[in-house]
Amino acid sequence: MSADRTPAGYRRPARSAAVVLAAALTAGSAAAPAAAAPAAVVTAAAQEPICASESHPDLARRLDQGIRERVDEREGTVAVGVSAHGGDLTCGLDPDAEFDAASVGKVVVLGALLRTAMDENRELTAEERDLATAMITVSDNDAATELRNRVGAERVQRFLDLAGMDATKPDPEGYVGLMGITVSDQLTLLRLLRTDNDVLGQGEREFARGLMGDVTGEQRWGVPSGAPADAQVHLKNGWLPHTDTGLWRVHSIGGFRDTPVGDYDIVVLTDDNDGMRYGVDTVESVAAEVHSGLTGQDVRIGTPPTDLTRPLSDGSDGSDGSGRA
């Protein structure tokens, strides 16, 4: 069975921290009504700041409010992460909620491949470079399956351990699309690709960013929506329906370099969307809000919705026979 195919009927819905909190409160009130948390306590917990910055506190507050407003307008589950101003400004809405990766998981496979080559003190072979290019730039599932099988589960886990991506959980049966991911770990991954570190060398980082910067035009939707015109963008998206429900997982992660306000990263993970189009609109609404807040340019109204020329599954469930995501 292909490594990034979803078993028929399998579904692991994301559960946000708010959902878990609500369930805990409900269970607690049923067991011991007198011990239920006061409404004021619940409200205070719900309004815990999602953005923080020592050097840009006003910007953090504006982003906090803007992200909440955009997410509140949408149905489904949404988690958001932002890292800007050298990591001084961070946002995390449900940063530890787990989502099925869909094709975003292919960046983990790429990282594991690059780290394996480093461990073996060698360059990627021509075939590995070709497979990696297909896996990222057109989201080819067959290429992802081949590379995941070559690298193997142990080396994927070694890369995750070295990267400190402790919340990322490879699927036990090897499905790349069903890897468990979180906003926090995706921001860690984007930071590894952007900054000096001991996990990936400069050449490896440049190769990965180059592939993510060359994603085919029909897949360049998501977090680039509203980005500064001259920004260098490295991107990976995932879009995968749940079996027999009509609901979709839609994700987008991206790094933005050489913008007027420096380099920054954005992650938006969503689930239970009523169609792919709805999920893309959610991602792009949030992303445009973040770009607008960071740059001071109001792009939210002027950014048209992406023309989805290929509104199909990303192939992780085997429904797209083209081999592309």
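**Figure 1. Burial and overall make-up of the predicted model.** Of the 325 residues in the protein, 53% are buried, and the coordinates shown here and in the views that follow belong to a predicted model. The secondary structure of the protein consists of 10 helices and eight strands. When contacts between residues at least 6 apart in sequence are considered, 69% of them join residues at least 24 apart.

**Figure 2. The contact between helix α5 and helix α9.** The view takes in helix α5, residues 126-137, and helix α9, residues 202-212, whose axes come within 8 Å and cross at roughly 45°. The two helices, α5 and α9, are therefore oblique to each other. On the α5 side the participating residues are R129, A132, T133, I136 and T137, and these meet F207, L211 and M212 on the α9 side. Sorted by class, the contact of α5 with α9 comprises five nonpolar residues, two polar residues and one charged residue.

**Figure 3. S139 and G217, two loop residues with contrasting accessibility.** S139 belongs to the loop between α5 and α6, the latter spanning 141-151, and its phi is near 55°, which is a positive value in a residue other than glycine. S139 is buried, because its relative accessible area is 0%. G217, by contrast, lies in the loop between α9 and β6, and with a relative accessible area of 56% it is exposed. The C-alpha atom of G217 is 9.2 Å from that of V138, although 79 residues separate G217 and V138 in sequence.

**Figure 4. The edge-to-face pair of W221 and W239.** The count of aromatic pairs comes to two. In the pair drawn here, the ring centres of W221 and W239 are 5.6 Å apart and the ring planes stand at 75°, so the arrangement is edge-to-face. Since W221 lies in the loop between α9 and β6 (232-241) whereas W239 lies in strand β6, the pair ties together parts that are 18 residues apart in sequence. W221 is buried, with a relative accessible area of 2%, and W239 likewise counts as buried at 2% relative accessibility.

**Figure 5. The surroundings of S252 in strand β7.** S252 is a residue of strand β7, which runs over residues 247-259, and it is buried, with a relative accessible area of 0%. With neighbours within four places in sequence left aside, the contacts of S252 are W221, G222, V223, P224, L235, K236, N237, I266, V267, V268 and V283. One of these residues, V223, offers its backbone nitrogen to the view, and the side chain of S252 reaches that nitrogen at 2.9 Å. I266 follows S252 at a separation of 14 residues in sequence, and the C-alpha to C-alpha distance between S252 and I266 is 8.3 Å.

**Figure 6. The side chain of D64 and the backbone of I50.** D64 is placed in helix α3, residues 57-72, and it counts as buried at 10% relative accessibility, because the limit for that class is under 20%. A polar atom of the D64 side chain lies 2.7 Å from the backbone nitrogen of I50. Apart from neighbours within four places in sequence, D64 is in contact with P49, I50 and C51.

**Figure 7. D263 in strand β8 and its partners.** D263 has its place in strand β8, which covers residues 262-274, and it is partly exposed, with a relative accessible area of 26%. Not counting residues up to four places away in sequence, D263 touches A84, H85, R194, F256, R257 and D258. The side chain of D263 reaches the backbone nitrogen of D258, one of these residues, at 2.9 Å. Between D263 and Q232, which are 31 residues apart in sequence, the C-alpha to C-alpha distance is 9.2 Å.

**Figure 8. D244, a loop residue with positive phi.** The place of D244 is in the loop between β6 and β7. Its phi is near 60°, a positive value in a residue other than glycine. At 79% relative accessibility D244 counts as exposed, because that class begins over 50%.

Terms used. Residues numbered from 1 in each chain as written. Predicted model: local features only at pLDDT ≥ 70, side-chain atom pairs only at ≥ 80, totals over all residues. Heavy atoms only, no water. Axes fitted to C-alpha atoms, helices over the stretch in contact; angles between N-to-C directions. Helix = DSSP H or I, 4+ residues; strand = E, 2+ residues; numbered from the N terminus. Parallel < 35°, antiparallel > 145°, perpendicular 65-115°, else oblique. Contact = heavy atoms within 4.5 Å. Nonpolar A, V, L, I, M, F, W, Y, C, P; charged D, E, K, R; others polar. Buried < 20%, exposed > 50% of the residue type's maximum accessible area, 1.4 Å probe, protein only. Polar contact = N/O pair within 3.5 Å; in protein donor to acceptor, adjacent residues only side chain to side chain. Phe/Tyr/Trp six-rings, centres within 6.5 Å; stacked < 30°, edge-to-face > 60°.
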